[in-house]
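The following note comments on the model shown below, point by point. It is meant to be read with the coordinates open.

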Amino acid sequence: MYKLGGFLLVFGALSFVINLFDREFILLMWIDMWGRPIGNAIRIGMIVVGIILMVIAQLQSSEEEY
C-alpha cells in the first residue's frame, strides 16, 4: 500500500506541474475533459489519497513491530 500511495503522490504531483506548461500524461488526458478546475481537483485528490495511503501503511508497519 505504501508503494501505491507513493505512485499516486508522485504521479499526481508531476501531472500538476507539467499541466502548468500545457502538457499532460497520456493516461490522464481525460481529466481535463470537464475543464481545468475539475482536472486540477482530480490531480490534488490523487496527491491527497497518495499521502493518506502512505500514512496508513506507515502506521500499520509501526503497529506490527510491537
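1. Helices in this note are DSSP runs of H or I with at least four residues, numbered from the N terminus. In that sense Val48 is found in helix α2. The model under review is a predicted one.

2. Helix α1 covers residues 2-19. At 1.5 Å a residue, the 18 residues of α1 should span 26 Å, and the C-alpha atoms at its ends are 25 Å apart, so the expected and modelled values agree. The buried residues of α1 are Gly5, Gly6, Leu8, Phe11, Gly12, Ser15 and Asn19. Part of what covers these buried residues is α2.

3. Asn19 belongs to helix α1 and is buried, because its relative accessible area is 6%, where buried means under 20%. Apart from neighbours within four places in sequence, Asn19 is in contact with Glu24, Asp32, Arg36, Asn40 and Arg43.

4. Helix α2 comprises residues 36-64. Gly39 has its place in this helix and counts as buried because its relative accessibility is 0%. Not counting residues up to four places away in sequence, Gly39 touches Ile31 and Asp32. By contrast with these contacts, the C-alpha atoms of Gly39 and Lys3 are separated by 24 Å, with their positions 36 residues apart along the chain.

5. How many salt bridges does the structure hold? There are three. In one of them, the side chains of Asp22 and Arg36 meet at 3.3 Å, N to O. Asp22 lies in the loop between α1 and α2 and Arg36 in helix α2, so this pair ties together parts that are 14 residues apart in sequence. Asp22 counts as exposed, at 55% relative accessibility, whereas Arg36 is partly exposed, at 40%.

6. Another salt bridge joins the side chains of Glu24 and Arg43, at 2.4 Å, N to O. This pair links distant parts of the chain, with Glu24 in the loop between α1 and α2 and Arg43 in helix α2, 19 residues apart. A further salt bridge is formed by the side chains of Arg43 and Asp32, at 3.0 Å, N to O. Here too distant parts of the chain are linked, Arg43 being in helix α2 and Asp32 in the loop between α1 and α2, 11 residues apart. Glu24, Asp32 and Arg43 are thus linked in a network of salt bridges.

7. Is Arg43 buried or exposed? Arg43 counts as buried, because its relative accessibility is 0%. Its network partner Asp32 is partly exposed, with a relative accessible area of 27%. Leaving aside neighbours within four places in sequence, Arg43 is in contact with Gly12, Ser15, Phe16, Asn19, Glu24, Ile31 and Asp32.

8. Which residues form the nonpolar patch on the surface? They are Met1, Ile44, Val48, Ile52 and Ile56, and together they have about 410 Å² of accessible area. Two members of the patch may be described further. Ile52 has its place in helix α2 and counts as partly exposed, at 43% relative accessibility. Val48, also in helix α2, is partly exposed, with a relative accessible area of 40%. The C-alpha atoms of Val48 and Met29 are separated by 20 Å, the two residues being 19 residues apart along the chain.

Conventions:
Residues are numbered from 1 along each chain as its sequence is written. This is a predicted model: local features need pLDDT of at least 70, side-chain atom pairs count only at pLDDT 80 or more; totals for chains, interfaces and linings use all residues. Side-chain values use heavy atoms; hydrogens and water are left out. Helices (H or I, at least four residues) and strands (E, at least two) are DSSP runs, numbered from the N terminus. Buried means under 20% relative accessible area, exposed over 50%, partly exposed in between (1.4 Å probe, protein chains only). Contact means heavy atoms within 4.5 Å. Patches are made of residues with over 30% relative accessible area and no salt bridge: like charges are joined within 9 Å, nonpolar side chains (Val, Leu, Ile, Met, Phe, Trp, Tyr) within 5 Å. Accessible areas come from the Shrake-Rupley method with a 1.4 Å probe; for residues, only the protein chains shown count as cover. A salt bridge is a side-chain nitrogen of Lys or Arg within 4 Å of a carboxyl oxygen of Asp or Glu. The expected span of a helix is 1.5 Å times one less than its number of residues.
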